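This report describes selected local features of a protein structure. It treats backbone conformation, aromatic and charge contacts, helix packing and single residues in turn.

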Amino acid sequence: MITVNGESVQNADGMSVAEFLESHGYPKMMLAVEVDGRIVPRAAWGETVLKEGAVVEVVRFVGGG
Amino acid sequence: MNQDTWTLGGHTFHSRFILGSGKYDLNLIKASVEQGGAEIITLALRRVNTRPEENILDYIPEGVTLLPNTSGARNAEEAVRLARLAREMGCGDFVKVEIMHDSKYLLPDNYETVKATKILADEGFIVMPYMYPDLNAARDMVAAGAACIMPLASPIGSNKGLATKTFIQILIDEIDLPIIVDAGIGRPSQACEAMEMGAAAIMANTAIATAGDIPAMAGAFRKAIEAGRSAYLSGLGRVLDRGASASDPLTGFLHD
């Protein structure tokens, strides 16, 4: 199990960041990803594997002041 | 062509209107940017959910500088984290540091903002700190590497105008960086007044977002900001302490 944006996600550990985003239907827009408090650059999404217990944040831009 | 430019972190801008993108329909962003003549637009960073959603970046005209903010940060550490994530999006090095932990008045924490400014400036960000207009804290922001100072005019989203006018004037007079009045400006006349005082630019969101005709209000702000800037450059006429001063010749009256 891993935690993504504060929610538990089953059966995602072992996937790469790229595989996770693809398989979970994240919109293909400008995203930034952090795993266990560290930013994972887009170029490293394919090779960064999500380990059991990983804490993942996936963020995007929204309207704001 | 307007030759009255200003620079921020080595980037040159003509427009002195920074537009917020919060609280209104994405479909109105393009028209608001165009009518407002804005060259910089602010954005926030939030968690993505997996439902297909619109991408705000698709609505922002090309060539407009994106200015991510750190809204939601309650301390320097959280602001730094948000800034780094924003930069990872590949939209440049600008960041508006916004740190607050008071949910009633939404007042910025100057102390934490100085700390975040230092860390981010050292990492090469163009740091635009949003702050309560305090001269001592502003000097600390300058020493920390800020690219400008963004003092609030009145509480965020209040549209109350230049409640902190005297203190913003002190910053304009004493700080050798662009002073961008941010938060609380509710009307074009207030934006104009801040520009007459010598502000480098105005940032507005709620004033536009809560207007009847949003793009038209952005256009009204553009005109007011340009008018205020021209007035500042022209040098405002003096104010008499007392009495009056005729504008007409004091000779040749019909009764002479």
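## Local features of chain B

Leu106(B) is located in the loop that runs between E6 and H3 of chain B. The model is a predicted one. With a relative accessibility of 31%, Leu106(B) counts as partly exposed. Its phi is near 55°, a positive value in a residue other than glycine. In general, most residues other than glycine have a negative phi. Asn159(B) likewise is not a glycine and has a positive phi of about 55°. Asn159(B) belongs to the loop between strand E8 (150-151) and H5 of chain B. Its relative accessibility is 26%, and Asn159(B) therefore counts as partly exposed.

**The loop after strand E6**

The loop between strand E6 (94-97) and helix H3 (110-122) of chain B also holds Glu98(B). Is Glu98(B) buried or exposed? Its relative accessible area is 7%, so Glu98(B) is buried. Apart from neighbours within four places in sequence, Glu98(B) is in contact with Gly65(A) of chain A. Its contacts in chain B are Asn69(B), Thr70(B), Ser71(B), Ala73(B), Tyr130(B) and Ile156(B). Tyr130(B) has a further partner in Lys96(B), which lies over the face of Tyr130(B) at 5.1 Å from the ring centre. Another charge over a ring is found at Phe125(B), where the charged end of Arg87(B) sits 3.8 Å from the ring centre.

**Aromatic pairs**

A pair of aromatic rings is described by the distance of the centres and the angle of the planes. Over all chains, a search of the whole structure finds four aromatic pairs. Among them is the pair of Trp6(B) and Phe13(B), which is tilted, with 5.8 Å from centre to centre and 45° between the planes. Trp6(B) and Phe13(B) are both buried. Phe17(B) and Phe221(B) form another pair, which is stacked, at 5.9 Å centre to centre and with 20° between the planes. Why does the pair of Phe17(B) and Phe221(B) tie together parts that are far along the sequence, 204 residues apart? Phe17(B) lies in strand E3 (residues 17-19) of chain B and Phe221(B) lies in helix H8 of chain B, so the pair joins parts 204 residues apart in sequence. Phe17(B) and Phe221(B) are both buried. Ring pairs also link Trp6(B) and Phe13(B) with Phe94(B) into a cluster.

**Helix packing**

Two packed helices are described by the angle between their axes and the distance between the axes. The table gives these values for two helix pairs of chain B.

| Helix pair | Angle between axes | Distance between axes |
|---|---|---|
| H3(B) and H4(B) | about 15° | 8 Å |
| H4(B) and H5(B) | about 40° | 10 Å |

Helix H4 of chain B covers residues 135-144, and helix H5 of chain B covers residues 165-174. How do the axes of H3(B) and H4(B) pack, at what angle and how far apart? They pack at an angle of about 15°, with the axes 8 Å apart. H3(B) and H4(B) are therefore roughly parallel to each other. Their crossing is right-handed. On the side of H3(B), Asn110(B), Thr113(B), Val114(B), Thr117(B), Lys118(B) and Ala121(B) take part in the contact. They meet Ala137(B), Asp140(B), Met141(B) and Ala144(B) in H4(B).

H4(B) and H5(B) pack at an angle of about 40°, which makes H4(B) oblique to H5(B). H4(B) passes H5(B) in a right-handed crossing. Leu135(B), Ala138(B) and Arg139(B) in H4(B) meet Ile170(B), Leu171(B) and Glu174(B) in H5(B).

**Cys192(B) and Gly243(B)**

Cys192(B) is placed in helix H6 (residues 188-196) of chain B. Its relative accessibility is 14%, so Cys192(B) counts as buried. The C-alpha atoms of Cys192(B) and Ala224(B) are 4.9 Å apart in space, while the two residues are 32 residues apart in sequence. Not counting residues up to four places away in sequence, Cys192(B) touches Ala224(B), Ala227(B) and Gly228(B).

Gly243(B) is in the segment after helix H8 (214-234) of chain B. Its relative accessibility is 71%, and Gly243(B) therefore counts as exposed. Its C-alpha atom is separated by 57 Å from that of Ala86(B), with the two residues 157 residues apart along the chain.

Note on methods:
Residues are numbered from 1 along each chain as its sequence is written. Chains are lettered from A and ligands numbered from 1 in the order in which they are written. This is a predicted model: local features need pLDDT of at least 70, side-chain atom pairs count only at pLDDT 80 or more; totals for chains, interfaces and linings use all residues. Side-chain values use heavy atoms; hydrogens and water are left out. Helices (H or I, at least four residues) and strands (E, at least two) are DSSP runs, numbered from the N terminus. Buried means under 20% relative accessible area, exposed over 50%, partly exposed in between (1.4 Å probe, protein chains only). Rings of Phe, Tyr and Trp (its six-membered ring) pair if their centres lie within 6.5 Å; planes under 30 degrees apart count as stacked, over 60 as edge-to-face and the rest as tilted. A charge sits over a ring if NZ of Lys or CZ of Arg is within 6 Å of the ring centre and within 35 degrees of the ring normal. Contact means heavy atoms within 4.5 Å. Axes are lines fitted to C-alpha atoms, for helices over the stretch in contact, and angles run from 0 to 180 degrees between N-to-C directions. Angles under 35 degrees count as roughly parallel, over 145 as roughly antiparallel, 65 to 115 as roughly perpendicular and the rest as oblique. A crossing is left-handed if the near helix is turned anticlockwise from the far one by less than a right angle, and right-handed if clockwise.
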